[in-house]
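User: Please take a close look at one part of this model, the surroundings of a core phenylalanine, and then set that part in the context of the whole chain.

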Amino acid sequence: MFGASAENLLRQAREVQDEDLQKFCSRISTLLQNKEYNSETIDSLQKLFLIVSATKYSRTLPRDVLQKLHSTLCFLKAPQPVLVLCSAILREVLPCSALALSCDEVNDMKTMSLISGVMLAQGSKKEEVGTVCSRVLKLLESRQAEGQGSRYLVPILSKVLDLAPTTLNEEQVNVVSKKLVDWLRYASTLQGVPLSSGGFFSPRSRQPASILEVDGAVAGDFFTVLSIGQYYTEDQWLNMHSFSMIRKWLQWSGASGVSNSDADEKSELDSSIMSMVSASSTSSRLMPPKERLREKTFEYCNRLIEQSDRKALKKSDSELQKACLIEAVTLLDLICRQDPLFVYRAFPVVKALYGRISADSAFARVLLPVAQFYLNHSELAAVDSEAVYRHLFTKIPSELYQDPMVAFEFVQFCRGNRKTLSETVGIFRKSFPNLLKFLAWNTASLFPEFIELLPDLIRPDTSIEILHSLLDLPCLTAALEAQHRSLSSLVSEKVLTDQSRKTLNSAEAFQHPYYRSMFLYILRIEAGAGDTIDRLSLLHEVLLDMAQRPRVVQCAQTVPILLQVFFNVVTQFADGPLINQLFLVILERSSLLYDVPDFKAEVQRVFSSQMMVLCKLYPPLIVEQSKELLEFCGTVSNINHKENFFTHVVWAIGEYMSLSYDRRCTVEQITKFFETLEALLFEITQLRASSSVPKYSPRVITVLMTTLAKLASRSQDLIPRVSLFLSKMRPFVRSALISSLYSEDDIQEILARANELNNLLKAPNVAQLILGPSADIANPRWYKDTNVSLPLTMRTVSKVLQREQAPGFSA
């Protein structure tokens, strides 16, 4: 978020009118014309840049100002801040017909960097990119280029690869590859000399000192980005710049296909064999440029890994070591993917590195490229990598879930390799309780990534446990918060040994032996310990003080979406037994949910819709779970606490408790459901003398009446009981006590449904057809064939139930 002062500056810049802008540009043009590069000029250029960059639409600058900016950009004696501002302004206002940029005559490296930045920012026009690329390569090949800032040209090459990868031909690729080899491998090992200010009292020149290692020792091998010096030479700067872009170059050159002939392929294969046999500089000079670059990059990465084992004197150097390790292992992986013969040389290095850093959590981010290397090459090298994966998926999430960078990169690693991990790495499929800790603690940043990762974690054997884990995700967040707080709080021994004392907060409960098993389960690192907690309601009570925490509330808001993803995946492979288990979990957990604001209502909404999907997918579900459904429907409190979900359950009973869906549906079962729902409807519609009459929505009452009518149509002995009940609905809703609770629209809705059902049940056979159609009702024949179509049936019913002929019905 911008501060108030920054917002004010942006607002002022956007409100500058074109007339005022023209006057301001005239003043800048005069300053640049007179080459007055003072503080006023710099301040004016800063304001102009803010004006042209603060608006979404392009600002039009006068032609003379554009020309002055361009000429200043090519003036070598202009101060660096002025040059940078001129380049930034031109990047914002171009392209336009008033000015055409060219770099054909530019010989200065810094100027070339600024002008090419303007040209490449205009878009990926191939001719412009090609012009810039040709000029850059010409400057790099020129003799005078060395020592004049060649490092400024390396970022231009990187930008060219992004905009137009096909610009470079084979000859140009070889030229750049040769340059990169020289810059990477043959930089000076002596420190640079500070520039003298000149004059009579200039200090006497001294012999350059040697480059040092991060531990202060004199460097014993070639220069790398981990070599320390007070001053750096031009070739050392080029070394560092080259290392920053070598991965992009290798990726591009290895996949670009600039060399297609069989001879080239044979040459590369021969050179790969040569590189495995001998790594000496003499043999490497015989390789093709791209192959030689791989060899020198391999040597460079080995040198970095060796340097990373030194004890750094500064913390910043220690962090640099870790960053270089990540890049070095990533480069080794890339080289081995491009030339598998490097695997046999690289694996001992990576294996030794893993043994050195695996026990130190500070190197957790380095373990990810190491694991990627094992994932890509362990099969070729015939190396057992199970220990690496187990360490990665069990230790890192449970110990470093609070580190946002580790969390993000870990989930990105899982996303990028989810297919391979799910098929070949067994611990990955069982590690979802641990992976969910990343999401529970870093919900905002990781939620989009987890949406993509979740489907690959869902398996038939773990789907039930995953469902419970998703429902318990806010509890996991609360437990992690409690764990975090308990580390900074001390609980007395008396509290820990007093089993009868009620805990005061979750942090205290986390250290209490009585609750230890619950926290151990919710914080487990691997699946298979059980579906859920026996004392789940007690856990909710213990964590109640965390329910309003922002992190917990934010996590709870993501659960409904995760549940939708879960059911979309699991319904693709779920069979009858699994659907039965899922249905039981839905019934059970609809009441056992953590008391986070709006959490229960949102989860029950998802349960309602997914229960319908499960019933449609496997209609015998209602018959097979009749005992649990009878128990659920016989409890009036289920209406009070989860009305929407209860309504869907009742509707499903009326829809699928039918012989047309399951031959095991007996009259006895239908009667049991009927009597249970009849008692329930009587309970909520009976008149009470008490003034506090609970109000139930018309939707619940109408769905209950409809379900009773459906059940009665399938067991016609029950029709008189339903008709009697429906006939009593008018005096019920018109009573003074009830009519005061409902609006007139609600009353009319209840009465209309009762009247429709009562009239329909007067023709039992027709009622059975309408209220319990066969399972093939969705067959197009019901709507296309005029002899058996559903509209014809409805018109027939209308004639039977009405004294007069229905409109449009011919006798």
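Analyst: The account below starts with the ground rules, moves to the core, and then works outward.

This is a predicted model, in which local features need pLDDT of at least 70, side-chain atom pairs count only at pLDDT 80 or more, and totals for chains, interfaces and linings use all residues. Residues are numbered from 1 along each chain as its sequence is written, and side-chain values use heavy atoms, with hydrogens and water left out.

The protein chain has 44 helices and zero strands. Helices (H or I, at least four residues) and strands (E, at least two) are DSSP runs, numbered from the N terminus. Of the 811 residues in the protein chain, 50% are buried. Buried means under 20% relative accessible area, exposed means over 50%, and partly exposed lies in between (1.4 Å probe, protein chains only). A contact is a pair of heavy atoms within 4.5 Å. Among contacts with a separation of 6 or more, 73% join residues 24 or more positions apart.

Now the core. A nonpolar core is a set of buried Ala, Val, Leu, Ile, Met, Phe, Trp, Tyr and Cys residues joined through side-chain atoms within 4.5 Å. The largest one has 253 residues, and Phe393 is listed with Trp249, Phe519 and Tyr594 as having the most contacts inside it. Helix H29 (residues 550–570) gives this core its largest share, twelve residues. As background, nonpolar side chains tend to be buried together in soluble globular proteins.

Phe393 is the focus. Residues up to four places away in sequence are not counted here. Its partners are Phe410, Phe413, Cys414, Leu421, Val425, Ile427, Phe428, Ser431, Asn434 and Leu435.

One of those partners is Asn434. Asn434 sits in helix H21 (residues 432–441). Its relative accessibility is 0%, so Asn434 counts as buried. Beyond its neighbours within four places in sequence, Asn434 touches Phe393, Thr394, Pro397, Ser398, Arg524 and Ile525.

Helix H17 (residues 386–400) also holds Arg390. The side chain of Arg390 meets that of Glu526 in a salt bridge, with N to O at 3.4 Å. A salt bridge here is a side-chain nitrogen of Lys or Arg within 4 Å of a carboxyl oxygen of Asp or Glu. Glu526 lies in the loop between helix H27 (516–522) and helix H28 (536–542), and the two residues are 136 residues apart. Arg390 counts as partly exposed because its relative accessibility is 37%.

Ala382 is in the loop between helix H16 (364–381) and H17. Ala382 has a positive phi of about 55° although it is not a glycine. Most residues other than glycine have a negative phi. Ala382 is exposed, because its relative accessible area is 71%. Asp598 offers another case, with phi near 65°. Asp598 is in the loop between helix H30 (576–589) and H31. At 64% relative accessibility, Asp598 counts as exposed.

Helix H31 (residues 599–617) contains Gln610. Gln610 is at 5% relative accessibility and so counts as buried. With neighbours within four places in sequence left aside, Gln610 is in contact with Gln564 and Phe567.

Back to charged pairs. The whole structure has 37 salt bridges. One joins Glu678 to Arg721, the closest N and O atoms being 2.6 Å apart. Glu678 lies in helix H36 (residues 667–685) and Arg721 in helix H38 (residues 719–727), so the pair ties together parts 43 residues apart in sequence. Glu678 is buried, with a relative accessible area of 17%. Arg721, at 32% relative accessibility, counts as partly exposed. Asp662 and Arg664 meet in another salt bridge, at 2.9 Å, N to O. Asp662 is buried at 7% relative accessibility, whereas Arg664 is partly exposed at 45%. Glu213, Asp215, Arg303, Glu306 and Arg310 are linked in a network of salt bridges.
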